[in-house]
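Reader: I'd like to learn how to read a structure like this one. Could you walk me through it, one feature at a time?

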Amino acid sequence: MAKMPAKTLSSEALRQFHDWVDEYPNKRSMLMMVLRLVEEEFGCIDDDAMEIAADLCGVNVAHVQGMVTFYTHFKRPAHGKHRFMVCATLMCALDGNTDQALAQIRAKLGLKPGEATPDGLFSCEKVECLADCDKPPVIQKDDEHFCSMKGPALDAYIDKLLTAEGKTSEQYLAATPVTMDLRVAVLPVHYNFEGEQNVGARRFDDKDPYFAPGEGSENGSARTTGVPPALKTPLTAPVAGGALNPSNAGHGANGTSGGQHG
Amino acid sequence: MAETTPPAAPPAPPASEAPKPKPVVPFSPVILKHIHEPNAHTLEHYLARGGYETARKHVGETDPASLVAIVKDSGLRGRGGAGFPTGMKWGFLAKGTGKPAYLAVNGDESEPGTFKDRHILEKDPHQLLEGVILTCWAIQSNHAFIYLRGEFILGYQRLEAAVKEARAKGFIGEKSFGKDFPLKVTVVRGAGAYICGEETGMLSSIEGGRGYPKIKPPFPAVSGLFKCPTIVNNVETIANVTHIVKNGADWHKQWGTEKSPGYKIFCLAGAVKKPGVYEVPLGITMREFIDVYGGGMVEGRTLKAVIPGGLSAPLLTPEMVDKCTLDYESLAGLGSMLGSGGITVLHDGVDMMSAIYNTMRFYHHESCGQCTPCREGTGWLEKLAHKHHAGHAHAGDTDLLADVAKNMRGRTICVLADAAAMPMQSYLQLFRPEFDKRVAAPEYVEKGRTARDEITPAAKRESVTHGAPGVLDVGMGMDRV
Amino acid sequence: MTAEVKMVNMKIDGRDVTVPADWTVIRAAHKNDIDIPHYCYHPDLSIAGNCRICMVSVKGAPRPVVGCATPVAEGMEVTTTAAAEVEARKSVMEFLLINHPLDCPECDQAGECKLQDYSVDHGRDHGRFHEEKVRKSKSTMGPHVKYWGSRCILCTRCVRFTDEVSGTGELGIIYRGDRNEIATFPGRVLDNPLSMNTVDICPVGALVSSDFLFQSRVWNLHSNPSICPGCSLGCNTRVDLDAKDQIKRIVPRRNDAVNKEWMCDSGRLNFGYVHAGRLQKPKLGGADATWKEARRAALELLALNGGANTVALISAWNTSEAMAAILDLVAVESPAARIFGYGNPVVADQVFPGFTIYGDKNPNRAGMEQVLGIADPAASLKALASETGSIGTLLLVHNIPDFVITPEFKAVLDRSENVVLLDFASGELLRYGNVAVALPTLTSFEKAGTFVNNAGLAQSFEPVMEPATYGLSEAEIVEALKRDVGAATRAGAAA
């Protein structure tokens, strides 16, 4: 998905947030629910959403990023609009149930686990136990939960989604799926900061003797697709007191990195 | 999304229709009694069957200590997995600290093979809520958190609705049941982390952190949520409280064994004719459970092994199954554990190497990464299990597996490392010949089944079934990252 | 130990020790010189208990426990070398190394790496891991810090540092399990003024200093203790120099009374002036001169009218010894002279939750008060600047690197007919036409001295390196000048 412009929370979401303020002992403890709130609000949790959540809960945005990457159920920009989560833990995988479901998804959408369609509409991934082990395979599609989801039921469901989106199975089978990249954008190791002064010892320049750009990532492509803009932003302290200005909430002047987001 | 569940699933066999076991006292389901009735999740339905009467009777009236005593007398043991006596745990709650006490209800239900809490949350949330109210009164807590795993979407919606209804009715709020007992109930959603089923990991998550378990001691009863005294109980445990308070400790003790009194919900999955959730008295035999409740093995299959208490429980062979009764002591005596009550039956066609590789992949994926032995060990176990699964193992790799598993045990903050090592040790102990067969077995190499991409970059990614319909190579959950 | 602290008696490895009741086992052991290996434990940070290397056995406990999170108790018996914990440590050491790249030959930390040390002390003699290692990102954390993810052992010291000491919270852990990494949020960088402390507390080569990167192998360095002249706190430092006596880096040295184990980035990095831009020859009227000529000229200028119109202007960067020497000189040579002080302008303190970078960028303001009786250098300079009329001779004892000439300072210079300058730098001051004589001095790294910090603590230091051959300390210069005076007097008497 393309990088979205500055985002603001809707008034309903803010009202929900203020309801929680009375409910929870401190603001930090609202983080799990606030992340759900921004996920619902924006469809996924991207960098802007993380900054909004950090502002709301008065925590550092690095911590929010740690939360979002720790908990795998949060929807990220790399995930498709329709996100298929297929349980791959033992109870579902027994007797090939998981593989059958995955094979059906692949036959319909051309997706292997970990891939998304190029238009970002569908994605497929394997997840761990979804706690309905007596009726394998269990599939969760965004907020919908399905048991014994294989065979005609799964095919019919995917067809229904395809029809609703005005797409056909053949379109996706002909296209090359993209690998979902849920990684966090980082500054390349040979990055030089603007305005660095030559104090102390030698500068570390881009003549990195050990690492060529892109080395170290699994697929051989550069880990970070672009060099972020000059980083001169002072560290912004998290907004205390919950007074969130909707006009610039979570979207500091520092812009965002040129990291890859699907 | 009630309407969308489950489109092709056969309806779970009603537990009440299951043939009666043969304990002295006839047993019919208590907690799951109403889950098959339509609209059982609504307040009207719950009130119509005498709901909230027990709470109304006791909150603000009965001495809280006497409620703790009833639960202690009943011998109720924690249903989340550890089986710690609930009343005793309540008794450990630090008093006079000047800090508020919290109740944290664990609805993360992340142990694979367990799906009992899902049914309570989705089909009878008010039952849980009444238990929460009674427990809060018993431990004199004014704030309860109910933590649900993020994937329980219907459960969250229904529980949240139930809390709203109860609040509107005045069952919880500033004056619960009109008594001077303020009570807040907060529902928190997780987001896909097995480790948040660990009690302190769950507390970290509620506090707005990564689900990192905390160092014990201090135990949550002394310093838990927000560094305040906290009681952590499983959903099923809390749901039991209402019935025990209502009917008395002796009523609860009429079922079960001496050390494992009462009844418990067991989840049956795998190669049986009627998988599902069944509430049975503790102490019935495993054979009876599988053959009578589960309807026996699926046609044409024989029993190879049983995972008795969720994925982390050591396996039982058919001989052990014969000796096994469903109570904490019997399973502990067999070197396994009752755990969360998730029983999975593996049939003779299951490739154990596939099963252990899948299991290890699960723990590798779910280790929080805090402690060194677990963070590194789970990955190592998975890689070694994969080698065995793919037939790449070298001589000595099997012994290495055993040693790595041994080194992981008892050296971490929480028990996830043990939970990963225990099944590995059990598979090694019970199915060592299958491991040995895969050591550099030429036929596996010839099939082109090289390691997965992460291990051998040029590998083929096709899934290949081993022999009879066993466990397929389901690859690595990590390829989401 | 104050009397109120409750003490407990316990045994560690059979030794009876008495420690405060609120201590942990690892602290009690370290206090009593019993080594317990540790990665995540740091005395100034909260307890994480995640590295699991500090395993000890407590009598009565079923299995080894971590020393960093186990509180001491009366009568506790702890062993650190019994079979159970040795075995546990060995296995933890193995786990730590399986996904470690073992790239010691190209790692900056090699030679001072806890993984290397403990691997020798507690690890196995060979590896058993033959699978593919987890690969992690390499990234730039900030202007001074780079991150080698694969080397990281996730002890979270750096994360706790940014949370608890700097309070800036730029760092977080991302992902889960053995994919865990340390990262900043995209677009934010680790650029707080204390960022390089994360490099120090990183027990392995994961966080490395961009400024020291690939500069030297640490075993080729020699180290000497010193005091940072960067501000009035006087952080205790360790200066690492190479074989050519070039400073390669400055790192903090533990002193709980002053700086704990922290230090600001500018203090670490501000040593370039030692090796570049030095005044290498005495100057006389802008031209190179011999020491003898320069001294004679200086003496003449100082002694004009018995020093009646002479002013000694001494910076607060000078050591107490230098100030005393100048006092001595003035007393002998120009008793009528007046003495003023000055220093770097004072800016606001930068206060962090666990550390303060003082805005008083003068290392010896308190020493100046003790020796010269000038409590406020800025006020002293202001008083001098507000006077009118010319100054005959200005004895300017400078020794401040990167000094920004303020209008007041400039006014004083402009009013001076002749300036006798004592400074180590060949800087802007020299270009003032009225600098008649300039005598090269030494930086605080090259001479012994004392700085009195803002808490009144006098901290003496020795030279960390051989002094530059072209400079002399103030005491030496004064001694030579006094010798010259004596010679002149004797010559005069003889005549």
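Author: Let's start with a pair in helix α12 (residues 407-415) of chain C, keeping in mind that this is a predicted model. C:Asp414 and C:Lys410 are separated by about one helical turn, because they sit four residues apart in that helix.

Reader: What do C:Asp414 and C:Lys410 form?

Author: A salt bridge: the closest N and O atoms of C:Asp414 and C:Lys410 are 3.3 Å apart. The cut-off to keep in mind is 4 Å between a side-chain nitrogen of Lys or Arg and a carboxyl oxygen of Asp or Glu.

Reader: Is C:Asp414 buried, partly exposed or exposed?

Author: Anything under 20% relative accessible area is buried and anything over 50% is exposed, so the band in between is partly exposed. C:Asp414 has 44% relative accessibility and counts as partly exposed. C:Lys410, at 38%, is partly exposed too.

Reader: Which residues pair up in helix α10 of chain C?

Author: Look at C:Arg365 and C:Glu369, four residues apart in α10 (residues 365-372), about one turn of the helix. Their side chains meet in a salt bridge, 3.4 Å from N to O. C:Arg365 is partly exposed at 21% relative accessibility, and C:Glu369 is partly exposed at 39%.

Reader: How many salt bridges does the structure hold?

Author: Over all chains, 68. Among them is the one between C:Asp288 and C:Lys283, with the closest N and O atoms 2.9 Å apart. Salt bridges can also link up into a network, as with A:Asp132, A:Asp134, A:Lys135, B:Arg118 and B:Glu122.

Reader: Let's stay with chain C. What is it made of?

Author: Chain C has 13 helices and 24 strands. Its C-alpha trace spans about 90 × 50 × 40 Å along the principal axes, and 60% of its 495 residues are buried. For contacts between residues at least 6 apart in sequence, 65% join residues at least 24 apart.

Reader: How do I read a strand, say β3 of chain C?

Author: Check what lies on each face, then look for partners. Strand β3(C) covers residues 55-58, and both of its faces are covered: C:Met55 and C:Ser57 are buried on one side, C:Val56 and C:Val58 on the other.

Reader: Which strands are joined to β3(C) by bridges?

Author: One partner is β4(C) (residues 65-66), which runs antiparallel to β3(C) and is joined to it by two bridges. Here C:Met55 stands opposite C:Val66. The hairpin of these strands has six residues between them, and C:Gly60 takes a positive phi near 100° there. Another partner is β5(C) (residues 77-79), also antiparallel to β3(C) and joined by two bridges; C:Ser57 stands opposite C:Thr79 in that pairing.

Reader: Now the interfaces. How is the size of an interface often given?

Author: People often quote the accessible area lost when the parts come together. For chain B and chain A, that area is about 5300 Å², with carbon and sulfur atoms giving 59%. The contact involves 82 residues from chain B and 56 residues from chain A.

Reader: How many salt bridges cross the interface of chain B and chain A?

Author: Three. In one of them A:Glu23 meets B:Arg167, the closest N and O atoms being 3.7 Å apart. There are also 23 residue pairs in polar contact between these chains. On the side of chain B that touches chain A, α14(B) gives the most, with seven residues. By class, that side has 41 nonpolar, 26 polar and 15 charged residues.

Reader: And what about chain B and chain C?

Author: They bury about 3000 Å² between them, 51% of it on carbon and sulfur atoms. Chain B brings 37 residues to this contact and chain C brings 34 residues. The count of salt bridges is three, including one where the side chains of C:Arg176 and B:Glu366 meet at 2.9 Å, N to O. Another 25 residue pairs are found in polar contact across the interface. On the side of chain B that touches chain C, the largest share comes from α15(B), with 10 residues.

Reader: One last residue: is B:Asp117 buried or exposed?

Author: B:Asp117 has a relative accessible area of 1%, so B:Asp117 is buried. You'll find B:Asp117 in helix α5 of chain B, where its side chain makes a polar contact with the side chain of B:Asn234 at 3.1 Å.

Methods: Residues are numbered from 1 along each chain as its sequence is written. Chains are lettered from A and ligands numbered from 1 in the order in which they are written. This is a predicted model: local features need pLDDT of at least 70, side-chain atom pairs count only at pLDDT 80 or more; totals for chains, interfaces and linings use all residues. Side-chain values use heavy atoms; hydrogens and water are left out. Buried means under 20% relative accessible area, exposed over 50%, partly exposed in between (1.4 Å probe, protein chains only). Two strands pair if DSSP finds at least two bridges between them. Contact means heavy atoms within 4.5 Å. Buried area is the accessible area (1.4 Å probe) that two parts lose on being put together, summed over both. A polar contact is a pair of N or O atoms within 3.5 Å; within protein, one must be able to donate a hydrogen and the other to accept it, and residues adjacent in sequence count only if both atoms are side-chain atoms. Ala, Val, Leu, Ile, Met, Phe, Trp, Tyr, Cys and Pro count as nonpolar, Asp, Glu, Lys and Arg as charged, and the others, Gly among them, as polar.
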